Amino acid sequence: MQRMSAWCLVLAVLLAGVLPLACHAEEDDRPPNVVVFFADDLGYADLSCFGSERCATPNLDRLAKNGARLTSFYVASAACTPSRAALMTGCYPVRVSMPQVIGPGSRVVLNHQETTIAEMLKPLGYATAAVGKWHLGDGPGNLPTDHGFDEYLGLPYSNDMWPFHYGDHDRGAIGNPNWPDLPLLDGHEAIELNPRQETLTPRYNARALDFIERSKDRPFLLYYAHSHPHVPIAASDTFKGKTGKGLYADMILEIDDSVGQVVAKLEELGLAQNTLIVFSSDNGPWEMFGDHAGEVGPLRGSKGMTFEGGMRVPFVAYWPGTIPAGTESDEVASAMDLLPTIAAITGADLPDVTIDGHDIGPILRGEPGAVSPYDAFFYYYPAELQAVRVGDWKLHVPHNHRTVPRIGNDGNPGRQGRGRIELSLYNLATDPGETTNLAEQHPEKVAELLEHIERARTELGDSITRRKGSGVRPPGRRE
């Protein structure tokens, strides 16, 4: 009996040592969590780690310092809907027939034949949540919970798509009297109409943190798409006036704080080492709103333009132990790359269709010799192919473009106009502001980039070739 007790004691000691290791091994085998922050109309130079002197972003600065900062990161469009379609599907918006901004009740929606990041991860057992702005379709069958997300809290489209004018209801908002009331949705249910803008970020934060807490025992995807700094801008009472540099800076500080809260929750739960966090924006700032809009630093242009300021956006990635601290790269990368990159790090199967994005894991990990996976990056707006970048060279083909002849102030818009650019070649390494046309000095480079333009027009088409009756296929996925 004593001998049996001794063996039981030895066995208990051995098991006490083995079980924690087994549990740890099981945790190590769990695919990583993914958190994607996507701001709305945030400018390239709106983070202090990207040169802002107006906006303080201490939490994002910390992530950039201890993670990766990509300085030639692009979205696939200079507007809300197509940019988000590209993020979700890994494709140019024209490939998935969503090149234009949609409004309430639009019949154009994200096709269910497309596979979103959430749908890609579901077979691996991921919990998935979308918080914030969707803008890929509203109404039954078209919301995040119809596209792979287990839950959703947010606005189905832009926060200015409501029936108010400037100053109405103390909103200080752009709007349209023909639009319906703006619903704050929980799943498919409208829990409030025309919510106060200053309450949105605190509500989003609470849902994001609650989702992480509830999902801590399984891999999860959190897509946190802020409704701001798209106008009408607003900051909660905690942040209004906090910076002393105006409402826009207050609001950016609050967005930065939301990142800090999520990171703190991950650290509290011991999940930070197994979570990839990325932060970016859907397009450049809405310049005509002046002090209620962001900044692009040395770049030219803004939202609605294929100049760099409209489509080059800040990008920060953080994954302690995987992304080395202080990683920086000027290699061309895109929001379309998130889907294939997430597939690579999680082991998920890519959709069995053409994907335009690429795995940029080597760039994020700072691997020696990691270069851009793009032989050419194309600038569409909305469905017109207006420019191409190859290496440091960017070629604009002739096209009309938006201008801002008058800047607004205090939430009131300025005035938008139209300009035109002819065939223009820029070296972005020395001229990121696209000021000096080098087309005449480098005709061979112009010819090379025009070949890329024609290749894309053949494969994907654009509004110009359709108007010319070139036989470009009708709307639908383009393979």
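At 1% relative accessibility, N159 counts as buried. This asparagine belongs to a predicted model, and its place in the chain is the loop between strand 5 and strand 6 (183-186). What does the side chain of N159 make a polar contact with? The partner is the side chain of H230, at 3.1 Å. A polar atom of the N159 side chain also lies 3.5 Å from the backbone oxygen of V231. Apart from residues up to four places away in sequence, N159 touches L182, Q197, S227, H228, H230, V231 and P232.

The two strands that bound this loop are part of an open sheet of 10 strands, in the order 7-6-5-4-8-1-9-10-2-11, with mixed pairing. Strand 7 (189-193) and strand 11 (327-329) are its edges, each pairing on one side only. From one strand to the next, the twist averages 15°.

Strand 4 (residues 127-132) shows how part of this sheet is put together. Six of the six residues in strand 4 are buried. Strand 4 runs parallel to strand 8, to which six bridges join it, and it also pairs in the parallel sense with strand 5 (residues 151-154) over three bridges. V131 can be used to find both pairings in the model: V131 stands opposite Y224 in strand 8, and its bridge partner in strand 5 is L153.

Further along the sheet, strand 2 (residues 68-70) and strand 10 (residues 315-318) run antiparallel and are joined by three bridges. Here R69 has V316 in strand 10 as its bridge partner.

Helices lie across this sheet. Helix 5 (residues 200-214) crosses strand 4, strand 5, strand 6, strand 7 and strand 8, and runs at about 175° to strand 8. Helix 2 (residues 58-65) lies across strand 2, strand 9 (275-281) and strand 10, at about 65° to strand 10.

Helix 3 (residues 80-89) is mostly covered, with 10 of its 10 residues buried. Among them are C80, P82, R84, L87 and M88. The buried residues of helix 3 pack against strand 1 (33-39), helix 4 (117-121), strand 8 (220-225) and helix 8. After helix 3 comes G90, which has a positive phi, near 75°.

C80 also bears on the question of disulfides. How many disulfides does the structure hold? The count is zero. C80 counts as buried because its relative accessibility is 3%, and C55 likewise counts as buried at 3% relative accessibility.

A second sheet is found later in the chain. Four strands form this open sheet in the order 13-14-15-18, with antiparallel pairing. Its edge strands are strand 13 (377-380) and strand 18 (424-427), each of which pairs on one side only. The twist here averages 20° from one strand to the next. Four bridges join strand 13 to strand 14 (residues 385-390), and within this pair Y379 stands opposite A387 in strand 14.

Helix 10 lies across strand 13, strand 14, strand 15 (393-396) and strand 18, running at about 125° to strand 14. H452 is found in this helix, which spans residues 443-459. Is H452 buried or exposed? H452 is buried, with a relative accessible area of 15%, because buried means under 20%. Leaving aside neighbours within four places in sequence, H452 is in contact with D375, A376, F378, V388 and V390. H452 and A376 are 76 residues apart along the chain, yet their C-alpha atoms are separated by 7.0 Å.

The nonpolar side chains complete the picture. In soluble globular proteins, nonpolar side chains tend to be buried together. In this model, the largest nonpolar core has 83 residues, of which Y92, Y223 and F377 touch the most other members. Helix 8 (residues 338-346) supplies the largest share of this core, five residues. A second, separate core has 60 residues, including F37, A39, L271 and I421.

F377 is a useful residue to follow from here. Beyond its neighbours within four places in sequence, F377 is in contact with Y74, V75, Y92, M311, V332, S334, M336, A387, V388 and R389. Among these, V388 is also in contact with H452, and A387 is the residue opposite Y379.

Methods: Residues numbered from 1 in each chain as written. Predicted model: local features only at pLDDT ≥ 70, side-chain atom pairs only at ≥ 80, totals over all residues. Heavy atoms only, no water. Core = buried A, V, L, I, M, F, W, Y, C linked by side-chain atoms within 4.5 Å. Buried < 20%, exposed > 50% of the residue type's maximum accessible area, 1.4 Å probe, protein only. Contact = heavy atoms within 4.5 Å. Pairing = 2+ DSSP bridges. Axes fitted to C-alpha atoms, helices over the stretch in contact; angles between N-to-C directions. Disulfide = S-S within 2.5 Å. Polar contact = N/O pair within 3.5 Å; in protein donor to acceptor, adjacent residues only side chain to side chain.
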